[in-house]
Amino acid sequence: MPELPEVGALAHHLREYAVGRRITRIDVASPTVLKTVDPPPSALQGAKVTGASRYGKFLALHCSGPEAGSRPEAAGELHLVTHLARAGWLRWSDSLSTVPPKPGRGPIALRVHLGGPGFDLTEAGTQKRLAVYVVTDPAQVPGIARLGPDALALSRDELAEILQGRTERLKTALTDQALIAGVGNAYSDEVLHAARLSPYATAGRLPDDALDRLHAALQRVLTDAVDRSVGQDAARLKGEKRAGLAVHARTGLPCPVCGDTVREVSFADRSMQYCPTCQTGGTPLADRRMSRLLR
Ligand SMILES: [Zn+2]
């Protein structure tokens, strides 16, 4: 699932290549991805792209509405917002095919033409969870309205305040978008490893030095990952490609810090990885059900 670094790199790409262009056409190949009906996607046709942003793990393309005339009510700001979910991606093309993608066939859910170049929103696999919203204010997207402060904008004291009194596991708190926006399953594994903290630690009971390490790890791991993702020109790739991970998705491989074997705790539909020597005093964690961990 694309998280803060990947979505940040996609927003970066759109700011460089899409801003200043007009949306010439939108092809909706998979109508079920659209979570809003008014304004319709066609309201974006003729709109000028003015910016792109990341909100947590949401990506937004900002536009000024088409000039008054055909649809004066649609003038003003419009935003095309997407949540890429598990297997979604934004793929940029300098010369986008003018042939509309075939509905219900292949991974393309939405194609946005920008007068020659443009991009596809794609989703691999069968679990269709990609979501697209057309709104006049990004805060109209419920998932954005619920977001806590952004992980990269948090000061050490703000982080302490957010975690204070929380009884859930640290892994759960870090991935709760209402508490901290942008961190998901992969980068929470990486941040916890860099901070030498157990995913099962109680979020509200971290000593001061642990909070210091957690804050430093959040900033460093996420900033490095954004740089890498921007550097590999993420929007021209077919999907997310992560490099430089220490523990996530590395079960059975040696920890790059201490050489111990990276372990895994798996749940119904996902898993997390950690290094016992670096994070849990050498003790492997008991494998618990997701429901216990995410209580
Ligand atoms: Zn280690």
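I'll walk you through two spots in this structure, a zinc site and a helix.

Okay, so keep in mind that this is a predicted model. Let's start with the zinc ion. Which residues coordinate the zinc ion? They're Cys255, Cys258, Cys275 and Cys278, each through its SG atom, at 2.2 to 2.3 Å. If you look along the sequence, the donors follow the spacing C-x2-C-x16-C-x2-C.

Now, two of those cysteines are worth finding on screen. Cysteine 258 is in the loop between helix 6 (208-231) and strand 9 (263-266), while cysteine 275 is in the loop between strand 10 (271-274) and helix 7 (276-279), so this pair ties together parts that are 17 residues apart in sequence. Are they buried or exposed? Cysteine 258 has 35% relative accessibility, so we call it partly exposed. Cysteine 275 is at 0%, so that one counts as buried.

And the geometry? For four tetrahedral donors, the ideal angle at a metal is 109.5 degrees. Here the four donor atoms subtend angles of 96 to 116° around the zinc ion, which makes the arrangement tetrahedral.

Right, on to helix 3, residues 156-163. Its buried residues are Leu159, Ala160, Ile162 and Leu163. These cover an arc of only 160° around the axis, so they sit on the same side of helix 3. Remember that an α-helix has 3.6 residues a turn, so residues three or four places apart point the same way.

What does that buried side pack against? The buried residues of helix 3 pack against helix 4 (170-175) and helix 6. Turn to the face pointing away from the buried side, and you'll find the exposed residues Asp157 and Glu161. Last stop: just after helix 3, glycine 165 takes a positive phi of about 80°.

Note on methods
Residues are numbered from 1 along each chain as its sequence is written. This is a predicted model: local features need pLDDT of at least 70, side-chain atom pairs count only at pLDDT 80 or more; totals for chains, interfaces and linings use all residues. Side-chain values use heavy atoms; hydrogens and water are left out. Donors are N, O and S atoms within 2.8 Å of the metal (3.2 Å for Na, K and Ca); water is not among the atoms, so sites may look incomplete. Four donors count as tetrahedral if all angles lie between 85 and 135 degrees; four count as square planar and six as octahedral if opposite donors are over 155 degrees apart and all others between 65 and 115; anything else is irregular. Helices (H or I, at least four residues) and strands (E, at least two) are DSSP runs, numbered from the N terminus. Buried means under 20% relative accessible area, exposed over 50%, partly exposed in between (1.4 Å probe, protein chains only). The arc is that of the directions from the helix axis to the C-beta atoms. Contact means heavy atoms within 4.5 Å.
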